[in-house]
Amino acid sequence: MAARATALLFFRRRVAAAAAAATKPQQPCAAGLATAARHDAVDSGGGGRCGERSKNRWVELPPFAPLDANAAARAISGGGGGGGGGAGSDATAVRWVRRCCPNLPASLVQKLFRQRKVKKNFVNAETSSSDASPEQLRLRRVSAKDELVPGDILFLPVNIQESSIPENTKKFGNGKERDFLRSLEIHKDKAIIVINKPPGMAVQGGVCIKNSLDILAPMFEDNSSDVPRLVHRLDRDCSGVLVLGRTQLSTSIMHAIFREKTADALADGTQQVLQRKYVALVIGRPRNPKGLLSAPLAKVVLDDGKSERLTVRAGSNTASVQDALTEYRVIESCAEGYTWLELFPRTGRKHQVLGTPIVGDYKYGRQAHQNWTPLPIPRTIDAEMLKKRKLPFGLAQGGGSIAEEEPQLHLHCKQMILPDISTALQRLQSSDTNHDFADLEKLSFVAPLPLHMRLSWEILKAVSK
């Protein structure tokens, strides 16, 4: 009887602590895991009653408090309140562990679930321990895809702290490569990393691609095993502002914001929460100095049966057809029939409907490049701009301007305006249930033009005099 009373008293204290923790902001586990509470339990047979002696010790995660990334994105995009709990991307056990313990390698988290070393309590913050049956006073195994309910508490083996030392930096021993990547950073906070992607660097891996940013992303971090993730993409030959999420949660919310942006643009033609500005050099001149382009796009398979290409499709009766909206403005019309443009995509879909192909775009503007004639380099051009240099990862700097036989793509994401996701996450993880984002600051990121586009600018400016 005394042992039973002791066990119940122990559980009352733990449940009270869990209830208090449920009202506090969720903090990620520092240095691998936070050891706020450790409990003895039996590892075999699905778990034993708390209070029994055991050699195994456990680390208790915060009580499950779901955060719906889509609802959060809608709240941030609308600038109003909301964005709190609800069934969302964190509802599974594996996602909750990754959110609470961002410093644990994803491979280790999956291994813990495969080895059945992740446990779940059966008494949550809303359940009185005096009403709990003996079965509820157990820690039981939980699978990675099991859905959690608010108040569920997960337990991990305490010895995983020794295995959570970040190893991602060990994969890349070349200091020059790491320094080069970090020199691309425009902005870095707790939620995102913004870089100026150089032309020629692939964003995602694929056939014959050795180095891509999704593989090299760990090099942006020190002493963290949470690998930055891509939020959006830029074509390999395109350069400019590229955003990576530093955590799974920030990446999920950014993905949802990009989707919300597209939906709003298609609904009423206006969008303020996410803005992008591209600079392009095109062959020819648009009919109007500014305008809004709208085109139904569809992917078609080419004659080789493998390659795909986006093309304009009249009519919208095909399910695969999606609208592309882009605003454009002429920056300057130049000699020799070139035009500098600013492009403001309102949807995330690409298109080439101006009738003025982009310089260096051999996929959609091959015919315009068949009779390509490079322009001479004026003597007034700074000699430094003409030097060619080798860069890490097989990249090169120099060349590719309109003075070359085969110019590089002249398309650059110069500016992106985003909501302050880091501040938004702090509010979402606070104890306030009504999150107001009306005063959320917007951050503007600007990426300088790559060398080949700057050189083309100088050449055209000299020719126009």
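This is a short tour of a predicted protein model, moving from the whole chain to a strand pair and then to a single loop residue.

Begin with the whole protein in cartoon view, where 10 helices and 18 strands can be picked out. If you colour the 465 residues by relative accessibility, the buried ones make up 47% of the protein. Turning on a surface shows an accessible area of about 23500 Å², of which carbon and sulfur atoms hold 48%. For a contact map, note that among contacts with a separation of 6 or more, 72% are between residues 24 or more positions apart.

Next, select residues 411-419, which form strand β17, together with β18, and you will see the two strands paired in the antiparallel sense over five bridges. Within this pairing, pick Ile417, whose bridge partner in β18 is Ser444.

Stay with β18, residues 442-446, and show its side chains: Leu443 and Phe445 point to one face and are buried, whereas Lys442, Ser444 and Val446 point to the other face and are not buried. Such alternation between the two faces of the sheet is what a regular strand shows in general.

Finally, move to Gly394, which sits in the loop that links β15 (389-390) to β16 (396-397). Is Gly394 buried or exposed? Gly394 counts as exposed, because its relative accessibility is 74% and the cut-off for that class is over 50%. To end the tour, draw a distance from the C-alpha atom of Gly394 to that of Met201, which lies 193 residues away along the chain, and the separation in the model is 8.8 Å.

Methods
Residues are numbered from 1 along each chain as its sequence is written. This is a predicted model: local features need pLDDT of at least 70, side-chain atom pairs count only at pLDDT 80 or more; totals for chains, interfaces and linings use all residues. Side-chain values use heavy atoms; hydrogens and water are left out. Helices (H or I, at least four residues) and strands (E, at least two) are DSSP runs, numbered from the N terminus. Buried means under 20% relative accessible area, exposed over 50%, partly exposed in between (1.4 Å probe, protein chains only). Contact means heavy atoms within 4.5 Å. Accessible areas come from the Shrake-Rupley method with a 1.4 Å probe; for residues, only the protein chains shown count as cover. Two strands pair if DSSP finds at least two bridges between them.
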